[in-house]
Structure formats: C-alpha cells, structure tokens
Amino acid sequence: MKPEIKELVHHYIDGQFVTGHKGDLFVNVNPFTNEKINTVSEGTIEDINRAAAAAKKAFKQGPWGKMKQEKRLQYIYKVADLIDRDVEEIALLESYDTGLPIAQTRKMVGRAADNFRFYAEMVKNRMSGEAYHVDDEFMNYTIQKPVGVAGLITPWNAPFMLETWKIAPALATGNTVILKPAEWSPLTANKLAELVDEAGLPAGVFNIVHGFGETAGASLVAHEDVQLISFTGETKTGSEIMRNGAASLKRFSMELGGKSPIIVFDDCDFERALDACVWGIFSFNGERCTANSRLFIQESIKDEFVTRLKERVDNIIVGDPSDPDTEVGPLIHTEHYENVKRYLQIAKDEGAEVYSQPISETHKKGNFVAPTLLLNVKNDMTVAQEEIFGPVLSVMTFKDEEEVIDYANDIKYGLAGYVWTNDMKKGLRVANAVEAGMLWVNSQNVRDLRIPFGGSKNSGIGREGGHYAFEFYTEMKVVHVALADHHIQQFGKKKQSLQTEAKH
Ligand code: NAD
C-alpha cells in the first residue's frame, strides 16, 4: 500500500511552503525497497534565520503573543481534530517513511492528537501561580509566561509522536516554534505543517526547516533569537548541542539514548514476563529509546526462558511494514542498518552466540535485521553496554538480587528499567535501586500523559510530559506589589540633613 506523496517537501516558514535559500535538495528513501520516495529541501543557516525572524515577529508583534488564551487554545484543539481526521493517512506515511509496521504507527499517531488536547487542558488548569502575603506590606505573586521562540529537534524513530509531544506544549503555552525534524523521516512533519496551515495558525507561529543536523540543526541551536532547545536523539548529539548552545545560554531539555535492563526473577509470572520482554525489544523494529535491550534472567529459569524466547524469535512476522500483520519491519536507513550489523559482528567477535531467523529472499532489498538474541553475553561486552537501536536483545543471567542490581547499574545510561517478580517487596526494592528515570514493575512500557518522562545519567536532562513540559516551556515571573507605604531608604538625602545638623 503506497500513500499519496508530493514530489517535493518544502520548508514551512512564516505561513508559506518555501524552497530553501540555496535551493539544495536531498533524497528521501523508502526503507522497505531502498528506492527514492521524493526530494526534500535542505535547510541552511539562511533558512533558519528566516524562520527565526518569522517566529520572533509572531511572538513579539504578531497576534500570537497577544492572543487571549481561549482563542489560542482553539487553534490547538483544531490541530488535534485535523490529526484525528487524517490518522489513517498519517499512519501510512509514517510507516512508508520509517519502515515501522502500520499496526504500530496507527496506535502512535492516534496518541499525537491526544498530545494537543492534553496540553490545551493543562494550560487551562495550570496557568496559575503562587501568591504570598508578607506582613500586610507586600503581595508577591508568580505568573507563567511563554519563553519565546522554541527550537525543537527530533529523531526519526517515532517522528510524529515525538514531534507533537514537543510542539503541543510549546504552542499551547504561547511560544512560537521552529521544528527541525530528522532528515530520514520528513513526511509526517510535512503533513503536520499542512494541518497547521489548514487550522489557520497565524503566520510565523509554527515553522519547519528540514535538513541535516550539522547544518540546519546546528544553526537553530546557535541562533540568538531561539530561547530554548528541546532535543530528542543520541547522547553524543545532545552533548554537542549543549556545547553549541552554551554561547547563547539556551534552556535545554535532553531526551537521549538508553540501554535499559529487564530483570526477570524466577518467581515472576513467566508467560507475562516473556510477552513483555519480546514486545519491549522487538516492537518499533527495536528502534525505541526505552527498549529493554539488556535481559537479566535468573539462572534457575534461564534455560526455559531462552528456549521460549527462541521460539518467539523464530515466529515473529518480519515483512512489509504496510501489512497489518507485520510485527517487525525494515530499519530506517542503510546507514543505520550497517551500524546494527556491525554490532552483530562485534557480538560474534566478543564471543556471544547470535541467534535469529533468516531474512526471506523477497525482503533482501530492504534494511531488514531479523529479531536477534545475543546469548552468552557478559555485562562488560560492547553489545551489553552500547545502544544498538535495533531488534537485538543481549541475554545475561544473574544469581540474586544484589548481583543483578550491580549489573543493571554498571552502565552509563539510565533511561528505563523493567522488573518482573511476584514478590512485590522485592520488585519495589529493585525498582528503587536501579538507576533509571523510569521503572516498570510487572508491566511493559505503558504510560499516561500526566506522568513525566525522561532519563538519568547519560540518558537525559530534565523531564518531558506531564506538568514538566509546562514548566519547561514557560518562564516564571514574580511580581512584588506594595500593600502599604513601607519604609524606603532615602539615598542622597543624608548629606543635606548632615549639613543642616552641622550648621546648628
Ligand atoms: P540523532 O542524535 O542522530 O539525531 C536526532 C536529531 O538531531 C536529528 O534531527 C538530527 O538531524 C539532529 N542533529 C544531529 N546532529 C546535530 C547537531 N550537531 N546539532 C543540532 N541537531 C543535530 O538521533 P537519531 O539517530 O535520529 O535518533 C535515535 C536516538 O534517539 C537514539 O539514541 C534513541 O535512544 C534516542 N531517542 C531518545 C528518546 C528519549 O525520549 N530519551 C526518544 C526517542 C529516541
């Protein structure tokens, strides 16, 4: 199934679809066939300058900055309604562009509309502050103001969901936005620009500059008129961005890489733990920041668990991402495919056993990596320490609780963790001890929009989601008001009175 696709993807700047300043284009490729989908405008510093000028104007002079909250939020609800209307088309575009199975993009895209509604509601409920009455002399109160121009930089692994998760709170709180989507997945970002345009948001409020990180992305980060950067992507890119944004003192939110442990004790609900483990690593083609890519299985159930894992891996449906039955599709890009393959070779070189089903001849044109188990892995191996970001599970064993906590924490990442046991006291102890921003006990990666999302250690700085996004996209201002004529020191009057005193 092929969606309808425009031959050219343009930037969206100041309410217009425009070509780039230099007119350069890059080719967007389908991961299932590795054939060209279409061409995309390649953003330059001049395009970022144009977008920043439009966003600044819309914030400072345009109607957006001065608009009544209720009216602003009507636009946000309108975007949500348009996403709902076009869910099927967006899901198809996303699947076609990224190789994610259509059954999974349908679910994800559905949640994107919720992002807009959720943050519109949150702004209604949280545009409030604190107030203090001080000794009948003062009233101090806080108000939340939008920060200004928000620069949003996103990855390709769940593009529409991750973009809207940033755009919705940024716009709902009254900022203007420049989005730099990932170069490997421009289609749904472009579709979003079309929906925003249709919703009639004032020109300059929402802008997209396509292109590469080192040029368009870096120019956005360095721009003086962009007050904040919300970034999701690799850890090393995050640290590069923080370096580049230091000169203009950016406010940063960093959602970075992960290598999350799933700890399976022998007293767990075996079948549910197995389901969660398989889904957690192989859904979204394994290209998922919170994937449970390190399995720690208690020694006493290792043989049975691994046998059952192999059975599952043999039977996962790998294939055309547009087929609703497909469970694992091709990886996003040949470059990423080569990188994942490189890790499989490293695994062999380090002494691990690589177990996977063969890829069918009919799929040889696509970037397919079969769901893979790495057996006999030790925690200090490269494949246990580095993020592979593909359908690859490193399997390790442990003796007891103390040992597994040490293993789980002996890594630079700290995004997520999963614990399976029917001993709740133990489950909560482990959840408490594992160094990660998010822990799931007897549960796979399910979450509620009200709950903050983010990692510790090298997996991130700050939190997205819930009211944390509201804090990030607003600036708190304190207003001090005098309630009475309190004492004010009178500098410059003392000399006069001293002179008068001296005369007498
Ligand atoms: P990436 O870091 O290569 O790219 C992400 C974005 O940053 C892209 O838009 C890219 O063009 C841009 N970029 C690259 N270099 C830049 C620079 N110097 N300045 C400004 N922008 C630059 O990441 P990716 O490969 O697209 O995504 C995969 C990574 O994202 C994985 O590490 C994954 O764990 C992480 N991720 C994290 C979360 C989370 O919430 N923690 C969610 C999804 C993905």
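These legends describe close-up views of a predicted model.

**View 1. The ligand and its shell.**
The ligand is surrounded by 29 residues. Thr154, Lys180, Glu183, Thr237 and Glu387 are the closest. Three side-chain or backbone contacts to ligand oxygen atoms are worth finding. Thr237 places a polar side-chain atom 2.6 Å from an oxygen atom of the ligand. Trp156 has a side-chain N or O atom 3.0 Å from a ligand oxygen atom. Gly233 uses its backbone instead: an N or O atom there lies 3.4 Å from an oxygen atom of the ligand. On its own, the ligand has 850 Å² of accessible area, and the protein covers 93% of that.

**View 2. Helix α8, a supplier of the ligand shell.**
At least two residues of the shell around the ligand come from each of α8 (213-222), β11 (228-232) and α9 (235-245). Look along α8 for its buried residues: Ala216, Gly217, Ser219, Leu220 and Val221. What do the buried residues of α8 pack against? Their partners are α1 (45-60), β8 (149-153), β9 (176-180), β11 and α9. So β11 and α9 appear twice in this view: each supplies shell residues, and each packs against buried residues of α8. Residues three or four places apart in an α-helix point the same way, because the helix has 3.6 residues a turn.

**View 3. His336 and its neighbours.**
His336 belongs to helix α12 (residues 334-349). Is His336 buried or exposed? Its relative accessible area is 8%, so His336 is buried. Beyond its neighbours within four places in sequence, His336 is in contact with Trp156, Trp184, Glu287, Leu331, Ile388 and Phe389. Trp156 also appears in the ligand view, with a side-chain N or O atom 3.0 Å from a ligand oxygen atom.

**View 4. Aromatic pairs.**
The model holds 14 aromatic pairs. In one of them, the ring centres of Trp165 and Phe453 are 5.1 Å apart. Their planes meet at 75°, so the pair is edge-to-face. Trp165 sits in helix α6 (residues 159-172), while Phe453 sits in the loop between β20 (438-441) and β21 (456-457). The pair therefore ties together parts that are 288 residues apart in sequence. Trp165 is buried, at 5% relative accessibility. Phe453 is buried too, at 9%.

A second pair joins Phe270 and Phe305, with ring centres 5.3 Å apart. The planes stand at 70°, so this pair is edge-to-face as well. Phe270 is in helix α10 (residues 270-282) and Phe305 in helix α11 (residues 302-315), so the link spans 35 residues of sequence. Both Phe270 and Phe305 are buried. Elsewhere, ring pairs join Tyr12, Phe17 and Phe206 into a cluster.

**View 5. Charges over rings.**
Two lysines are shown here with their aromatic partners. Lys310 has its charged end over the ring of Tyr355, 5.1 Å from the ring centre. Lys426 lies over the face of Phe265, 4.2 Å from the ring centre.

**View 6. Ser253 in its strand.**
Ser253 is part of strand β12 (residues 251-255). With a relative accessible area of 3%, Ser253 is buried. Which residues does Ser253 touch, not counting those up to four places away in sequence? They are Ile229, Ser230, Phe231, Ile461, Glu464 and Phe472.

**View 7. Gly462 in a loop.**
Gly462 lies in the loop between β22 (460-461) and α16 (466-472). Its relative accessibility is 38%, so Gly462 is partly exposed. Aside from neighbours within four places in sequence, Gly462 is in contact with Glu255 and Gly454. Arg117 is 345 residues away along the chain, and the C-alpha atoms of Gly462 and Arg117 are separated by 23 Å.

**View 8. Two asparagines with positive phi.**
Most residues other than glycine have a negative phi. Asn376 has a positive phi of about 55°, although it is not a glycine. Asn376 sits in the loop between β16 (372-375) and α13 (382-385). At a relative accessible area of 45%, Asn376 is partly exposed. Asn442 also has a positive phi, about 50°. Asn442 is in the loop between β20 and β21. With 23% relative accessibility, Asn442 is partly exposed.

Conventions. Residues are numbered from 1 along each chain as its sequence is written. This is a predicted model: local features need pLDDT of at least 70, side-chain atom pairs count only at pLDDT 80 or more; totals for chains, interfaces and linings use all residues. Side-chain values use heavy atoms; hydrogens and water are left out. Helices (H or I, at least four residues) and strands (E, at least two) are DSSP runs, numbered from the N terminus. Buried means under 20% relative accessible area, exposed over 50%, partly exposed in between (1.4 Å probe, protein chains only). Contact means heavy atoms within 4.5 Å. Rings of Phe, Tyr and Trp (its six-membered ring) pair if their centres lie within 6.5 Å; planes under 30 degrees apart count as stacked, over 60 as edge-to-face and the rest as tilted. A charge sits over a ring if NZ of Lys or CZ of Arg is within 6 Å of the ring centre and within 35 degrees of the ring normal. A residue is near a molecule or strand if one of its heavy atoms lies within 4 Å of it. A polar contact is a pair of N or O atoms within 3.5 Å; within protein, one must be able to donate a hydrogen and the other to accept it, and residues adjacent in sequence count only if both atoms are side-chain atoms. Accessible areas come from the Shrake-Rupley method with a 1.4 Å probe; for residues, only the protein chains shown count as cover.
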